[in-house]
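Q: Please take a close look at a single part of the structure shown below. I should like a connected account of its surroundings, followed by its setting in the chain as a whole.

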Amino acid sequence: KLDANFAAPLNEVAYCYARFRMYDKAFDAMQRYIGLLPNESNPQDSYAEILRMGGKFEDALIHYHASLKIDPSFVESQLGIADTYALMGDEPQARSEYAVAIQHARSKSQAASWNLNAAVTYVRERDFSRADAAFRSAARQAHQDDLAVPEAEAWRMMATYQLDGAVALQLLKKAEDTLQEKHSIAPAALQEELALVLRERASRAARDGKLSLATATLQRLQQMADASQDQNIQLAYDGAAGAVLVAQGKYEEALPHLENDDRNPLSVKLLVSVYRKQGASELADQTAKILASWNEPTLEQALVVTEFRTREAATASSLRRM
């Protein structure tokens, strides 16, 4: 209202609308943002990301390429192209695009993070042997570059899809051991990753029926959350608490934890299940619809959403035939 030509708030409000899945308003704000800054890459890149969130993948690719045409060094748009192909299910093309992004990364840390994105493409394909090889390679490179967090991330991410619970726990121990080595990195980053490792350990132990390990790990994570104001650590605790309580059949207690962690598909999937067990069918259907339209290029999305979409479609088809 004070200045209709002040561009920055349009970018921010577009992301706010997108988070509420009000995509028409988000797209409108982004188009105005681009109109005010037609010669800058960031508006094109941001518009592409929001288009991708809304499932408009081909349009997203157009705007990522437009960003790179304005500034070929805007490597975040190259990453965006790779992420978009990954969400589209074209994993070989995604890996090819990730390779270009990694080659032009501005730092070893950036390259390490994008290496993990590339490894996730094998998880999407359910080619877990190649995923293992890719994550091991990413961990080795991160170790050589003294990048503790990406190295630990690689071991943690590798643990998430293991069929053998003992193997998963071994990988999580490697992740924790990595974080406990001496590193020249801010303690906050190490603590955030440790919280995610503990979340996965508690959740996995609960799924495997190892409730004493799950409870002990959850207590440790709660201590971290109580001693910190870091929201990411709090969310890791909420996600773990929700998973452990669901495994114990304590659905009412699990609910607020899962609702707090509603930006993680793993918790949202559990939330759908809890709503249905409680007979809250309308809430369950609304949440299931949100999860089925989740288009963010993360490991959690790869683990949950494709399988969830297939299962929901099969259930809907079965109900229609009855």
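A: Setting aside residues up to four places away in sequence, Y23 touches A18, I50, M53 and G54. The model under discussion is predicted, and this tyrosine serves as the starting point of the account. Y23 belongs to helix α2, which covers residues 23-36. With a relative accessible area of 17%, Y23 falls under the 20% cut-off and is therefore buried. A further reference point is A48, which lies 25 residues from Y23 along the chain, with 12 Å between the two C-alpha atoms.

The ring of Y23 also takes part in aromatic pairing. The structure contains four aromatic pairs. In the pair formed by Y23 and F27, the ring centres are 6.0 Å apart and the planes meet at 25 degrees, so the pair is stacked. The 25 degrees lies under the limit of 30 degrees that stacking requires. Y23 and F27 share helix α2, where four residues, about one turn of the helix, separate them. In general, residues three or four places apart in an α-helix point the same way, because there are 3.6 residues a turn. F27 is buried, as is Y23. The pairing extends to Y47, since ring pairs join Y23, F27 and Y47 in a cluster.

Helix α2 can also be followed to L36. At a relative accessibility of 29%, L36 is classed as partly exposed, whereas Y23, at 17%, is classed as buried. Neighbours within four places in sequence aside, L36 contacts A4, N5, F6, A7 and L10. Of these, A7 is 29 residues from L36 along the chain, and their C-alpha atoms are 6.3 Å apart.

Rings elsewhere in the model are faced by charged groups. R21 is placed over the face of W294, 5.3 Å from the ring centre. In a second case, the charged end of K174 lies over the ring of W155, at 3.8 Å from the centre of that ring.

Charged side chains are also joined to one another. As a general matter, side chains of opposite charge can pair when their charged atoms come close. The structure has 15 salt bridges. R156 takes part in one with E153, where the closest N and O atoms are 3.9 Å apart. Both residues belong to helix α9 (residues 148-160) and are three residues apart, about one turn of the helix. R156 also meets E193 in a salt bridge, with an N to O distance of 2.7 Å. E193 is part of helix α11 (residues 187-207) and R156 part of helix α9, so this pair ties together parts that are 37 residues apart in sequence. As for burial, R156 has 7% relative accessibility and counts as buried. E193 is likewise buried, its relative accessible area being 3%. E153, at 21%, counts as partly exposed.

Other charged residues follow. D127 and R130 form a salt bridge in which the closest N and O atoms are 3.6 Å apart; D127 is partly exposed, with 22% relative accessibility. R19, R263 and E296 are connected by a network of salt bridges.

Burial may be examined in a further helix, α14 (residues 251-260), whose buried residues are A254, L255, H257 and L258. The elements that cover these residues include α13 (231-247) and α15 (265-277).

The chain as a whole supplies the setting for helix α2. The chain has 17 helices and zero strands. Its radius of gyration is 21 Å, close to the 20 Å that the globule rule gives for 322 residues, so the chain is as compact as a globular protein of that length. The C-alpha trace spans about 60 × 55 × 45 Å along its principal axes. Of the 322 residues, 48% are buried, and Y23 is one such residue. Among contacts with a separation of 6 or more, 53% join residues that are 24 or more positions apart. The accessible surface of the chain is about 16,200 Å², and carbon and sulfur atoms contribute 51% of that area.

To return to the part chosen at the outset, Y23 is a buried residue in helix α2. Its ring is stacked with that of F27, and ring pairs bring Y47 into the cluster with them.

Technical notes:
Residues are numbered from 1 along each chain as its sequence is written. This is a predicted model: local features need pLDDT of at least 70, side-chain atom pairs count only at pLDDT 80 or more; totals for chains, interfaces and linings use all residues. Side-chain values use heavy atoms; hydrogens and water are left out. Rings of Phe, Tyr and Trp (its six-membered ring) pair if their centres lie within 6.5 Å; planes under 30 degrees apart count as stacked, over 60 as edge-to-face and the rest as tilted. Helices (H or I, at least four residues) and strands (E, at least two) are DSSP runs, numbered from the N terminus. Buried means under 20% relative accessible area, exposed over 50%, partly exposed in between (1.4 Å probe, protein chains only). A charge sits over a ring if NZ of Lys or CZ of Arg is within 6 Å of the ring centre and within 35 degrees of the ring normal. Contact means heavy atoms within 4.5 Å. The radius of gyration is taken over C-alpha atoms; the globule rule is 2.2 Å times the number of residues to the power 0.38. Accessible areas come from the Shrake-Rupley method with a 1.4 Å probe; for residues, only the protein chains shown count as cover. A salt bridge is a side-chain nitrogen of Lys or Arg within 4 Å of a carboxyl oxygen of Asp or Glu.
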